[in-house]
Each structure stands twice: as C-alpha cells, then as structure tokens.
Amino acid sequence: MVKTQTFKTDYLVIGAGLIGSAIAMGLARLGADRVMIVDLDLTGEWSSSELNAGGVRATWSQKVNLLTSKTSIEYFSQHASEVGYKDSGYLWLHRKETFDQALKAREMHVANGWPVDVLDVPALRKKVPFIDKTADLVGAIYGVRDGLVNPNRLKEHYREQALKKGAQFHHGVWVTGASASGAGYLVKAFQFSTQLSSEEKQKMLCEDPTTFTEGASVGNWIEIEAKNVINAAGAWAPRLAKILGYTSPSVPVRRQISLFQTRDVDLTNYGMIIDPSGVYFHPESIYGLSGFATPTESPGFNFQYDADSFFEEYIWPPLYERSTAFESLKHVSGWAGLYENSPDHHAIVGAVNATSGARNQIFEAHSFSGHGAMQSYAVGISLAELMIKGKYETLDLSELSGDRFKNGKAIASETWVI
C-alpha cells in the first residue's frame, strides 16, 4: 500500500514555469504565509519556459499588453545581469499593407513611455546593412528597449526571490484530481521519489492525468488542502482546468525553432528581427535562431522537430528573399515546444468564475501564446495583489479575465506583429 501524505497551504500554485514562479514571488513578497508550488518537473525540460526564443517586447497593439510587458521589461532591466536581459531591440520590417497600422500603434507606445523609432528603407539599410533585399518594404519599426532575456535565469531569479520569503517548491508532483473541501480545495497528486527520464516525462505530459495509476512507479500519493489554487500549468492549463472543475477554451499548439549558421554575416550585435512573412530571427551564441508559427499546425501535444523539412520549407526561403547573406545557410539543429493559445491569442489571467474581492477560490494565469516571458513579472505581482488584497493595484489586468470569451469581450488580435 502506497501511503498518502497531507499538506496544508494558503496558496497552491500548480505549474512552476516562468509564470508560476513569478506568481510565487509576488505572493511571497506580499507576505503570504504559506505558498506551495508543485510541478512534475522543476527543471522544465518540456515546458514553454525552457523552449521559447527568449524575446521580450512591449511593442503591442493593445494597451493592456503594452503595459504588462513594459512593467516586466523595466524590472528585467533593473536585474539585467541576473536574468540575462539585453536591450538589443526588436526590428519589425513592414510592407505597405501593415505599415500604417504599425505607425498608429507606435503613437500608443510613445504616449505610454515606450521608445519606438520609425525607419524608412534607406535608414533601415544603414542600420542593418545585411538586409539588402528591400524592394517589397516601405519601412520598419524599431522597439529600442525591446530585447532578449535568458528564460532559465529569469525563472531561477523568480524562484530565488520566492524561496527567500518562505515559498516551497515541490518536484515530481503529478496532479490527478481535485474537489471543493471546506474553505478551499483538496488536491490529489502522485509525487515521484525517483527521477523520471526525459522520455518518461514526455510520455506523461502527453497523456490524460486523470487516468494515471502508480503501477510500478516509486513514490507516494499526496493530498494538498489549499485555500486558493492557481492554474499556471502552461500548455497543460486546459487539462488542469478540467480537473479543477471548469473549462478553459485554450489549446496547446506546437511551435518549432531552428538554429542555423551563416558564414557571410555576424548576427552578434543585432537583436530580434521580424520579417513580414512572420519568420523571426536573432543571434543565439554563435548561431542564428529562427522560428515561424506554421498556420496549418493542428492543436495537440507534439514535441517532434521536423528538422530539415521545417527549415527548408518555412525558414530558409523568407530569409533567402531578405538578404544576400542568407542565400547560403547551414541548418544546425532545432527543437519543438508548445504554445498555449487562447481563442484571441492573448493571456488568460484572473479569478475563475468569481466576483471581485472573493476569497478562497481558483485563479489562473496561462495561455500567453508564446509571450509569457515578456509579461511574467507584471502578471506575477498583479495576480498576487488580486489574491491577497482583493483588487489589482500595479496594473489592472481585468481585461485578460477568462470570462471575456463568454461575455463577448475577446481582445482584438494582432494584425502586424507575431
């Protein structure tokens, strides 16, 4: 018989990636006495936090997203050496059909204190000489303080700050059930006492957790009595939502990233560059890193990297058409990770089916559609305020509530950015 161990906590954060760790830091900093964070794998081998491109930008078309990213990036800049932040910029290349929309969005950026430059084609070619195929372009937008972070170092920074204030992180925890209980929730999970292999973790992450049985697994069942539960499970948030008794409209979608080598240009001194095709690239060590959101990708848990076929079909052709220096590229390697996409491709943050100021309930923060790193700090502190103080103070994120979909208040999708 496998024994059952019981824990009690005020705040149970399920998911210890960038978002879950930021929430833990926010709660701990506001004086929450008992904060418990659980995850199947604290290293996050298959998580979006570890498999993303590391870009951070406040160049958004919606004010709530602009301010959420701006607040986060300002924090990153204060801890640049710890989190690997570099203000290397975001350069958006534009054709005629999107340039006017970009210029309109820039007015909002500047009005809210975010510096964004406008470049005509001659200025673009002077700034980035290797972008020499510009016949289809009318200009570019340059987010001066946008840039890159090291996602792993950022996550560890959040965790260190949370641990200093008494938060507890638990590894190897696989949540399988939950029910309302007294003044909170009773969450059931299995905690592995041995390290799972990479293949075992991936297999579990692709299966329905409610069907899990311990079988030959080494570990024990645990029960967690929690006054508040936070769904920060990333691509697995819809599955966790079902366990917690509600429905999330989001879906996991594969995104692929390629590393390439070029002998004709050194990308080291450049930041993120986004082509009108949707292909983006930036320097990554001695290589170039490039990605693209394939429009025909089906939802699901798929970590298969399509290697040469993906690079040669989606990455290389747009790069070839943009620069003579990219006519000869060597595909080195790559990987696949997961976005969690909401119906409008914007984050879901807030209380679940609750009135303002309610206590002892379920909260959620997920579905960032690839933008979690750049918004993590602001989301962490703001959601912590909502949970502890009953209201947002730093930033009002009520526009990101999951209730917006049933209330007909979906946020307009981006039309000129990825």
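A nonpolar core, as I will use the phrase today, is a set of buried Ala, Val, Leu, Ile, Met, Phe, Trp, Tyr and Cys residues joined through side-chain atoms within 4.5 Å, where buried means under 20% relative accessible area, exposed means over 50%, and partly exposed lies in between, with a 1.4 Å probe and protein chains only. Please keep in mind that this is a predicted model, in which local features need pLDDT of at least 70 and side-chain atom pairs count only at pLDDT 80 or more, while totals for chains, interfaces and linings use all residues. Residues are numbered from 1 along each chain as its sequence is written, and side-chain values use heavy atoms, with hydrogens and water left out.

Let me start with the largest nonpolar core, which has 68 residues, and in which I23, L27, F76, Y158, V349 and L383 have the most contacts. Helix α11, residues 372-389, gives the most to this core, with ten residues; helices here are DSSP runs of H or I with at least four residues, strands are runs of E with at least two, and both are numbered from the N terminus. Apart from this core lies another, of 38 residues, among them V175, V229, L240 and I243. If we return to F76 and set aside residues up to four places away in sequence, its partners include V56, Y158 and Y377, with contact meaning heavy atoms within 4.5 Å.

Now to helix α9, residues 237-244, which is mostly covered, since six of its eight residues are buried. Those buried residues are A237, P238, L240, A241, I243 and L244, and they pack against β1 (4-14), β9, β11 (219-231) and β18 (362-366). Just after α9, G245 takes a positive phi of about 95°.

Helix α9 also appears in the surroundings of helix α8, residues 198-205, whose buried residues are K201, M204 and L205. Why do these lie on the same side of α8? They cover an arc of only 95° around the axis, which puts them on the same side of α8, the arc being that of the directions from the helix axis to the C-beta atoms. As a general point, an α-helix has 3.6 residues a turn, so residues three or four places apart point the same way. On the other side of α8, E199 and K203 are exposed, whereas the cover over the buried residues includes β9 (173-181), β10 (184-192) and α9.
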